[in-house]
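Dear colleague,

Please find below the structure that I promised to hand over, with its sequence. My notes on what turned up in it follow directly underneath.

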Amino acid sequence: MIETRVNGIYVWSQNVYLYGKYDAYLVDKMKFGGYPPEKIITDFNKRRKFIIPKFPAFMEAARENGEKQKIVLKPTTKDQLQMTLQMYLQGSVKYLHLCWDMKADDNIYQTHLFLLQENRKYALYYLNDQRMATSSLIGSLDEYLKPEGQSPILELCGVPMHLYSIHHDIIRIRFFLSLLLDSIENSEQILNKVGEFVDGTRVYKQFMTYDELYHKLMGIG
C-alpha cells in the first residue's frame, strides 16, 4: 500500500483515503480488508459516527422494559438515528429495526436491518423483501464450522437461532453494521463475504419461512 500526501491529506492506493474525517477513514479501512474487526473496533472507535449515505425511511426502537417507538427519519430527526445506534452499542436499546425503501425496475420494495440485545448477547439480521432472503451475522466461526447439528439452537428476544449467530460482545456487529450502512444500496458485496453471514431462516433440521422470521423480528418489543 503506497502512502502520499495531497493538500495536507494522506492518500493511499486503491481509493482508501481520509476525506478529512476520521469517521469516513475508519469505514474505508474496513472496506480495504485485511484488518480483523478486533483490530479496528476499539473502545474509541465504537463511539464514532456511522457513515450512512442513504438514510432509512424509518426506525423502530425499544429500550429494556419499554414500548417500541417508531420514528420517521427526516432531516430534523437524523441525529436520533446516530444516537439510537450508540445506545444499542452501549446496551441500553434491546431492539432496533431500520427500514429502507428501495427501487428496482420501477418497483418499490423494502430492506431491513434488525439489531437485537438481551442479557449482553447480541444478533444482527438483514432482510430483503424483494428476494425474500435473510442473512444473520455469524458470531463465532469456530461454532459455525462444527458438524451439522452440533451447534445448539437458542432463543434471543424470542427468535430461534443457532448459537453461532449469537454474539457475546459488540465488536463484529459494530464492524459489519458500519459496512452495511455504508453499502446499503449494494449490500450483496458485504453479505456475500465467505464465513461472515448465514441464512437467518435456517434452524437445524427445519427452516422458518421468510414470513415467519419477519413476523418474529417485527413482534419484538
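To begin with the cavities, the largest share of the lining of the largest cavity, 3 residues, is supplied by S10. Please keep in mind that this is a predicted model, in which local features need pLDDT of at least 70 and side-chain atom pairs count only at pLDDT 80 or more, while totals for chains, interfaces and linings use all residues. Residues are numbered from 1 along each chain as its sequence is written, and side-chain values use heavy atoms, with hydrogens and water left out.

The search of the whole structure gave 2 cavities of 30 Å³ or more. A cavity here is a set of points, on a 1 Å grid over the protein atoms alone, where a 1.4 Å probe fits but cannot get out, and lining residues have an atom within 4 Å of a point; grid points are joined across faces, edges and corners, and a volume is the space filled by probe spheres set on the points. The largest cavity has a volume of about 50 Å³, and its lining includes Tyr 125, Ser 136, His 162, Asp 199 and Arg 202. Strand S10 (159-162) and strand S12 (202-203) each contribute at least two residues to that lining, where strands (E, at least two residues) and helices (H or I, at least four) are DSSP runs numbered from the N terminus. By class, the same lining holds 4 nonpolar, 4 polar and 2 charged residues, with Ala, Val, Leu, Ile, Met, Phe, Trp, Tyr, Cys and Pro counted as nonpolar, Asp, Glu, Lys and Arg as charged, and the others, Gly among them, as polar.

The second largest cavity encloses about 40 Å³. Helix H1 (22-32) and helix H6 (171-182) each supply at least two of its lining residues, and the largest share, 4 residues, comes from H1. This lining divides into 5 nonpolar, 1 polar and 4 charged residues; among them are Asp 23, Met 30, Arg 48, Phe 50 and Arg 174.

Turning to the chain as a whole, it has 8 helices and 13 strands, and 46% of its 221 residues are buried, a term that means under 20% relative accessible area (over 50% is exposed and in between is partly exposed; 1.4 Å probe, protein chains only).

One residue that may interest you is Leu 137, which is found in strand S8 (residues 133-137) and counts as buried at 0% relative accessibility. Leaving aside residues up to four places away in sequence, Leu 137 touches, among others, Leu 124, Tyr 164, Arg 172, Phe 176 and Phe 197, where a contact means heavy atoms within 4.5 Å.

Finally, there are 5 aromatic pairs in the whole structure; rings of Phe, Tyr and Trp (its six-membered ring) pair if their centres lie within 6.5 Å, and planes under 30 degrees apart count as stacked, over 60 as edge-to-face and the rest as tilted. The rings of Tyr 95 and Phe 114 have centres 6.3 Å apart and planes at 45°, so this pair is tilted. Tyr 95 lies in strand S5 (residues 93-104) and Phe 114 in strand S6 (residues 107-118), 19 residues apart, and both are buried. For Phe 175 and Phe 176 the ring centres are 5.1 Å apart and the planes at 70°, so the pair is edge-to-face. Phe 175 is buried at a relative accessible area of 5%, as is Phe 176 at 2%, and ring pairs link Phe 175, Phe 176 and Phe 197 into a cluster.

With best wishes

Key:
On a 1 Å grid over the protein atoms alone, a cavity is a set of points where a 1.4 Å probe fits but cannot get out, and a pocket is an open set with protein on both sides within 12 Å along at least five of seven lines; lining residues have an atom within 4 Å of a point.
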